[in-house]
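Good morning, and thank you for coming. Please take a moment to look at the sequence and the structure before we go through them together.

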Amino acid sequence: MTKIAHEAECELYHYHESLCSQMVRLALEEKGIQWKSHPVMLNDVVLDGENFTADYLQINPKGFVPTLIHSGKPIYDSWVIIDYLDRVAPQSGVSLTPKQADKLKLMQGWIQQASLDEAKFFGVSLGTSIPILSAPVIRYCIKQQPFFAFWWKYRKHPVFERRWGARLVTLMPVPGPLSHKSVNTVGRALKNIESALNHDGDYLLGEFCQADIMMMAHFHRLEDVALGRILEDDKLPHIAGYWQRLQQRPSYKVAVTDWHEKHWRQALEAVFKGKTSPALDKIRKVAIG
Ligand SMILES: N[C@@H](CCC(=O)N[C@@H](CS)C(=O)NCC(=O)O)C(=O)O
């Protein structure tokens with residue numbers, strides 16, 4: 001395997017506001033691991049195509065963020081990276097993997113649900129639906145760039161669905177059926193989370209673990225896309241308490257809110273104008289139904 005040039009033991013190529021980058025930064029913080037930052041995809045505009053430069057494609061052939069470089073070895077896929085960090089530094093910080101086999105199995109189910117796995121269709125899981133709910137913001141960011149320049153740049157995206165998905169986003173909003181499916185999936189996931197939290201522990205499986213890290217990033221994004229009210233709904237009391245506890249973890253500030261980035265924040269403001277998303281009622285109906 002190619003060794004990537006590096007200075008620190010752990011280096012992270014990431015974008016401030018990307019979901020998967022947030023998850024990995026949260027894990028690094030919970031584990032208390034020092035790391036060197038390499039921000040990608042942001043020079044004046046979000047999604048500037050820096051992830052398709054020859055240099056970055058050497059680091060991550062799919063052109064995605066995040067990539068962890070550990071002693072020169074690249075590790076891909078946020079959930080794999082988090083698991084890797086927990087294995088290489090088992091004694092450091094918080095353990096992110098339950099010891100009991102039954103809990104481990106449950107956690108793997110949540111990881112499947114929460115991962116942004118490009119091998120899955122959009123809208124089939126929480127992790128592949130949250131990006132669809134974020135599409136208007138991504139669309140706004142893309143539209144800050146000249147149309148042809150963006151299309152030309154994105155010809156280089158190595159992942160076919162992403163290359164065309166991002167280009168189509170410049171032409172039209174997400175098609176109704178996909179949007180509808182994603183809203184339903186998120187509603188169902190929230191319903192499942194609410195019932196999974198019906199126990200005495202503070203987190204999904206009682207003790208804090210990787211699944212909670214992934215939920216922290218997803219819930220933060222729900223707030224971003226003007227759906228935060230679902231996380232404080234009287235009819236979903238376990239989720240409301242859980243979200244409070246997640247936000248109180250010091251890692252939430254260090255790894256998520258301290259990385260808020262002005263272009264993304266401006267896009268949120270421009271798209272939602274401080275109003276609640278029209279998807280809220282539909283998600284609520286499914287989640288509490
Ligand atoms: N399976 C990957 C997915 C990573 C991913 O989709 N990253 C997004 C940001 S959250 C990205 O790099 N988007 C840029 C693009 O596709 O051009 C992971 O979990 O890390």
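**A sheet, two domains and a ligand**

I begin inside the sheet, where Leu12 has Leu68 as its bridge partner in β5. Please keep in mind throughout that this is a predicted model.

Leu12 also stands opposite a residue of another strand, namely Ser37 in β2. Leu12 thus leads us to the two pairings of strand β1, which covers residues 10-14. With β2, strand β1 pairs in the parallel sense over four bridges. With β5, strand β1 runs antiparallel, and here too four bridges join the two strands. A further pair on the β2 side is Glu11, which stands opposite Lys36. As a general reminder, strands of a sheet pair through backbone hydrogen bonds, in either a parallel or an antiparallel manner.

How many residues of β1 are buried? Four of its five residues are, so β1 is largely enclosed by the rest of the structure.

Let us now view the sheet as a whole. It is an open sheet of four strands in the order β2-β1-β5-β6, and its pairing is mixed. Which strands stand at the edges? They are β2, residues 36-39, and β6, residues 73-75; each has a single partner strand, so one side of each is left without a neighbour in the sheet. On average, neighbouring strands of this sheet are turned by 20 degrees against each other, direction ignored.

I turn next to the loops on either side of β5. In the loop between α2 (54-59) and β5 (67-70) we find Pro66. A cis peptide bond joins Val65 to Pro66, with omega at about 0 degrees. The loop between β5 and β6 holds Ser71. The phi angle of Ser71 is near 50 degrees, a positive value in a residue other than glycine. Is Ser71 buried or exposed? Ser71 has 12 C-beta neighbours inside 10 Å, and a residue with 12 or fewer is exposed, so Ser71 counts as exposed.

Lys273 invites a similar description. Its phi is near 50 degrees, again a positive value in a residue other than glycine. Lys273 is found in the loop between α13 (262-272) and α14 (279-288). With 8 other C-beta atoms within 10 Å, Lys273 is exposed.

We may now step back to the chain. It is divided into domain 1, residues 10-88, and domain 2, residues 101-132 + 175-288. Taken over C-alpha atoms, the centres of the two domains are separated by 21 Å. In the contact between them, 18 residues of domain 1 meet 19 residues of domain 2. On the side of domain 1 that touches domain 2, the elements that give two or more residues are α1 (19-31), β4 (45-46) and α3 (78-88). Of these, α1 gives the most, with nine residues. By class, this side of domain 1 has ten nonpolar, three polar and five charged residues.

Finally, I come to the ligand. Where does it lie with respect to the domains? Both domain 1 and domain 2 give residues to the shell around the ligand, so it lies between them. The ligand is surrounded by 16 residues, of which the closest are Ser18, Cys20, Phe64, Ser78 and Arg162. By class, the shell has six nonpolar, six polar and four charged residues.

Thank you for your attention.

Conventions
Residues numbered from 1 in each chain as written. Predicted model: local features only at pLDDT ≥ 70, side-chain atom pairs only at ≥ 80, totals over all residues. Pairing = 2+ DSSP bridges. Axes fitted to C-alpha atoms, helices over the stretch in contact; angles between N-to-C directions. Near = placed C-beta within 6 Å. Nonpolar A, V, L, I, M, F, W, Y, C, P; charged D, E, K, R; others polar. Domains from an automatic or database assignment. Buried ≥ 20, exposed ≤ 12 C-beta atoms within 10 Å, placed from the backbone. Contact = placed C-beta atoms within 7 Å.
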